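This report walks through a two-chain model, from its chains to the contact between them. Please keep the sequence and the 3D view open while reading.

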Amino acid sequence: MAAPNEDNLSSHSQLSSQFFGELLDSIIVDVASECHRIARLGLDRSLDDEEEELRLSAQARARVADPSSSGETTSKYVLDIFGQTHPPVANEIFDCMNCGRSIMAGRFAPHLEKCMGKGRKARLKATRSSTAAQNRYSRGNPLSNHSPSSNSNSMNRLSNGTSHVAGYEYSNGTIEEP
Amino acid sequence: MRSSVKRPPTPDAEEEEQDREPTLQEIINIKLVESGEKERLKELLRERLVECGWKDEMKTLCRAFARKRGRNNVTVDDLVHVITPKGRASIPDSVKAELLQRIRSFLASTAL
């Protein structure tokens, strides 16, 4: 009965190898499927991390350097790195601490100019009160006869009131001298 | 109405006699599956291949291939073809021997 046993053995080993091959192929497919998933989902951080970053930054650079597409119309809607858009004029509203009015943030600087006295008209209304104070302090200054407009002009704008300034100063000096 | 429904006749007669006898391999395959031995064998093989680093080698091959081809241009089929030759060849002998031994003892136990 050795022959049938040998036959059995050889067929057994052949069958075994076949089954082993089948098992192995099945496991290979599993591994391939797993790696495919990792690749497609981008779960392997080192896979194309740097390549992706390089590509994206090259894209962004091209987009920035290209003035034609993002010219006039889309300049308002350009995204920053957080994906936010900002209007060209800041539109938050708050109260001016000087005059108490509601001011839009983007218009705050010009407002302050007028409100606190850098501008011409602002100086007018500001020094109306400040020269009044000055007049009080300088002991009945006869210069109070001068019209407020000429005073303020001479204080502020050399171009406007140069002659006035000269006149003012001299007259001031003259009168102050004992 | 009747003419639009065209179903093939139920293959009652054809089921009873098949064109060929199931091969020995098919019979054993069915026995392997039904007894749960196939699943156990597969898990054993998987475990051994992980332990000996075979799986990591295969994953590395896949990663390199994906990097070269571009991560989104890869199919499962590609990866199978990438792994199979190297995979089949790099099985450690001890692992192969262990599995073959187990399969053979199963074959013997099913009283062929």
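**The two chains**

From the N terminus on, chain B runs α-α-α-α-α-α. That makes six helices and zero strands. Helices (H or I, at least four residues) and strands (E, at least two) are DSSP runs, numbered from the N terminus. This is a predicted model, in which local features need pLDDT of at least 70 and side-chain atom pairs count only at pLDDT 80 or more, while totals for chains, interfaces and linings use all residues. Residues are numbered from 1 along each chain as its sequence is written, chains are lettered from A and ligands numbered from 1 in the order in which they are written, and side-chain values use heavy atoms, leaving out hydrogens and water.

Chain A has six helices and two strands. Its pattern along the sequence is α-α-β-β-α-α-α-α.

Contacts (heavy atoms within 4.5 Å) are spread over sequence as follows. In chain B, 70% of the contacts between residues at least 6 apart join residues at least 24 apart. In chain A, residues 24 or more positions apart account for 16% of the contacts with a separation of 6 or more.

Burial is judged by relative accessible area: buried is under 20%, exposed is over 50%, and partly exposed is in between (1.4 Å probe, protein chains only). Of the 178 residues of chain A, 22% are buried. Of the 112 residues in chain B, 27% are buried. Accessible areas come from the Shrake-Rupley method with a 1.4 Å probe, and for residues only the protein chains shown count as cover. Chain A has an accessible surface of about 12,800 Å², with 55% from carbon and sulfur atoms. For chain B the surface is about 8,100 Å², with 50% from carbon and sulfur atoms.

**Where the chains meet**

The contact draws 34 residues from chain A and 38 residues from chain B. Buried area is the accessible area (1.4 Å probe) that two parts lose on being put together, summed over both. Between chain A and chain B it is about 3,400 Å², and carbon and sulfur atoms give 69% of it. A:Phe19, A:Phe20 and A:Leu23 supply 19% of the area that chain A buries against chain B, more than any other three residues.

A nonpolar core is a set of buried Ala, Val, Leu, Ile, Met, Phe, Trp, Tyr and Cys residues joined through side-chain atoms within 4.5 Å. The largest one holds 33 residues, and A:Phe20, A:Leu24, B:Leu45, B:Leu49, B:Trp54 and B:Leu99 touch the most other members. Helix 1 (2-41) of chain A supplies at least two residues, as does each of helices 2 (24-35), 3 (37-51), 4 (54-69), 5 (76-89) and 6 (93-109) of chain B. Helix 1 of chain A gives the most, with 11 residues. Leaving aside residues up to four places away in sequence, B:Leu49 touches A:Leu24, A:Ile27, B:Trp54, B:Lys55, B:Ile91 and B:Val95.

**Salt bridges**

Side chains of opposite charge can pair when their charged atoms come close. A salt bridge here is a side-chain nitrogen of Lys or Arg within 4 Å of a carboxyl oxygen of Asp or Glu. The count is 13 over all chains. Six salt bridges run between chain A and chain B.

| Pair | Closest N to O |
|---|---|
| B:Lys38 and A:Glu22 | 2.9 Å |
| B:Arg88 and A:Asp25 | 3.0 Å |
| B:Glu37 and B:Arg40 | 3.1 Å |
| B:Glu37 and B:Arg102 | 3.2 Å |

Why does the pair of B:Glu37 and B:Arg102 tie together parts that are 65 residues apart in sequence? B:Glu37 lies in helix 3 of chain B, whereas B:Arg102 lies in helix 6 of chain B. B:Glu37 is buried, at 10% relative accessibility. B:Arg102 is partly exposed, at 31%. The other partner of B:Glu37 in the table, B:Arg40, is partly exposed at 45%. B:Glu37 and B:Arg40 sit three residues apart in helix 3 of chain B, so about one helical turn separates them.

B:Arg88 and A:Asp25 join two chains, because B:Arg88 lies in helix 5 of chain B and A:Asp25 in helix 1 of chain A. B:Arg88 is partly exposed, with a relative accessible area of 48%. A:Asp25 is also partly exposed, at 28%. A network of salt bridges links A:Asp30, B:Lys42, B:Glu43 and B:Arg46.
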